[in-house]
Amino acid sequence: MTAPTAPSPGLAAALPGSPDLLRSVFRRHAAGVAVITAADGARPVGFTATSLNSVSAEPPLLSFTTGTGSSSWPAVRDSEYLGVHILGEHQKELAGLFARSGADRFGPATDWSVGPHGVPVLDGVLAWLVCRVVARVPAGEHRVIIAEAVAGDPAGDPTGVGRPLLYHQGRFNALRD
């Protein structure tokens, strides 16, 4: 294989790295939607995350990011255990509620209970985990949280609704066949 002699038209139009470039590229990347919860003393807190990733099967590790300026950050920073909830396509409103700043996320419209290690566990989600935080890695204005699964339910929604909610082009979407 020989090297090309001139850049392709797509490469010639390459933009310099920037926050706007990163956001524009990742709007084209479909991501699953999760809600992360923690107990802040007796008060539950939570937020919507689209940065959830599986890291390792042995030990069972996952990661997600959170901004250090978010209202949930102090609880995430101080909690030993967190909840991770995979949302279904029927939960666009719940995803929006947990994404909205200043919202009463655990008000009367949110069904939840206290789970293992005192972590708030949302009802009706596709699946959930309670995880022990093993690292909080600085990454710009965010922290990458690495956590080990210690309990959970891979079939959390008793209604059997099993299609995931996705985030794409700045909106919550359903999976299409």
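Two strands are said to pair when DSSP finds at least two bridges between them, and by that criterion strands S11 and S12 of this predicted model pair in the antiparallel sense, over four bridges. One of the places where their partnership can be followed is Leu 165, whose bridge partner in S12 is Ala 174. The two strands form a hairpin with two residues between them, and in the turn Gln 169 has a positive phi of about 55°.

Before going further, a word on confidence is useful. The mean pLDDT of the protein is 91, and 90% of its residues reach 70 or more. Confidence is highest in strand S6, at 98, and lowest in helix H1, residues 9-12, where the mean is 65. Where pLDDT is low, the predicted coordinates should not be read in detail.

The hairpin belongs to an open sheet of three strands, which has the order S1-S11-S12 and antiparallel pairing. Its edge strands are S1, residues 31-32, and S12, each of which pairs on one side only. Helix H4 packs on this sheet, where it touches S11 and S12, and the direction of the helix makes about 160° with that of S12. Between S1 and S11 there are two bridges, again in the antiparallel sense, and Ala 31 stands opposite Tyr 167 in S11.

A second open sheet is built from seven strands in the order S3-S2-S6-S9-S10-S5-S4, and here too the pairing is antiparallel. Strands S3 and S4 stand at the edges with a single partner strand each, so one side of each is left without a neighbour in the sheet. Neighbouring strands of this sheet are turned by 35° against each other on average, with direction ignored. Within the sheet, S6 (residues 81-86) and S9 (residues 127-139) pair in the antiparallel sense over six bridges, and Val 84 stands opposite Leu 129 in S9.

Helix H4, already met on the three-stranded sheet, also lies across S2 and S3, running at about 110° to S3. In this helix, which spans residues 92-99, the residues Leu 94, Ala 95, Gly 96, Leu 97 and Phe 98 are buried. What covers the buried residues of H4 includes strands from both sheets, among them S2 and S3 as well as S11 and S12, together with strand S8, residues 120-122.

A closer look at the edge strand S3, residues 43-49, leads to Thr 48. Thr 48 counts as buried because its relative accessible area is 18%, where the limit for that term is under 20%. A polar atom of the Thr 48 side chain lies 3.3 Å from the backbone nitrogen of Ala 99. Apart from residues up to four places away in sequence, Thr 48 touches Val 33, Ala 34, Val 35, Ala 95, Phe 98, Ala 99 and Phe 172.

Phe 98, one of those contacts of Thr 48, also takes part in ring packing. The structure holds four aromatic pairs, and one of them joins Phe 98 and Phe 106 in an edge-to-face arrangement, with 5.3 Å from centre to centre and 85° between the planes. Both of these phenylalanines are buried, and ring pairs link Phe 98, Phe 106 and Trp 112 into a cluster.

The loop between S6 and H4 deserves its own visit. Leu 87 is found there, and Leu 87 is buried, with a relative accessible area of 0%. Leaving aside neighbours within four places in sequence, Leu 87 is in contact with Val 33, Val 35, Leu 94, Ala 95, Val 125, Leu 126, Pro 164 and Leu 165. The C-alpha atoms of Leu 87 and Trp 128 are separated by 9.0 Å, although the two residues are 41 residues apart along the chain.

Gln 91 lies in that loop between S6 and H4 as well, and Gln 91 too is buried, with a relative accessible area of 7%. What does the side chain of Gln 91 reach? At 2.8 Å the side chain meets the backbone nitrogen of Gly 88, and at 3.1 Å the side chain of Gln 91 reaches the backbone oxygen of Gly 124. Not counting residues up to four places away in sequence, Gln 91 touches Ile 86, Asp 123, Gly 124, Val 125, Leu 126 and Leu 165. Leu 165, with which the hairpin was introduced as the bridge partner of Ala 174, is thus a contact of Gln 91 and of Leu 87.

How values were computed: Residues numbered from 1 in each chain as written. Predicted model: local features only at pLDDT ≥ 70, side-chain atom pairs only at ≥ 80, totals over all residues. Heavy atoms only, no water. Buried < 20%, exposed > 50% of the residue type's maximum accessible area, 1.4 Å probe, protein only. Polar contact = N/O pair within 3.5 Å; in protein donor to acceptor, adjacent residues only side chain to side chain. Contact = heavy atoms within 4.5 Å. Axes fitted to C-alpha atoms, helices over the stretch in contact; angles between N-to-C directions. pLDDT = per-residue confidence, 0-100. Phe/Tyr/Trp six-rings, centres within 6.5 Å; stacked < 30°, edge-to-face > 60°.
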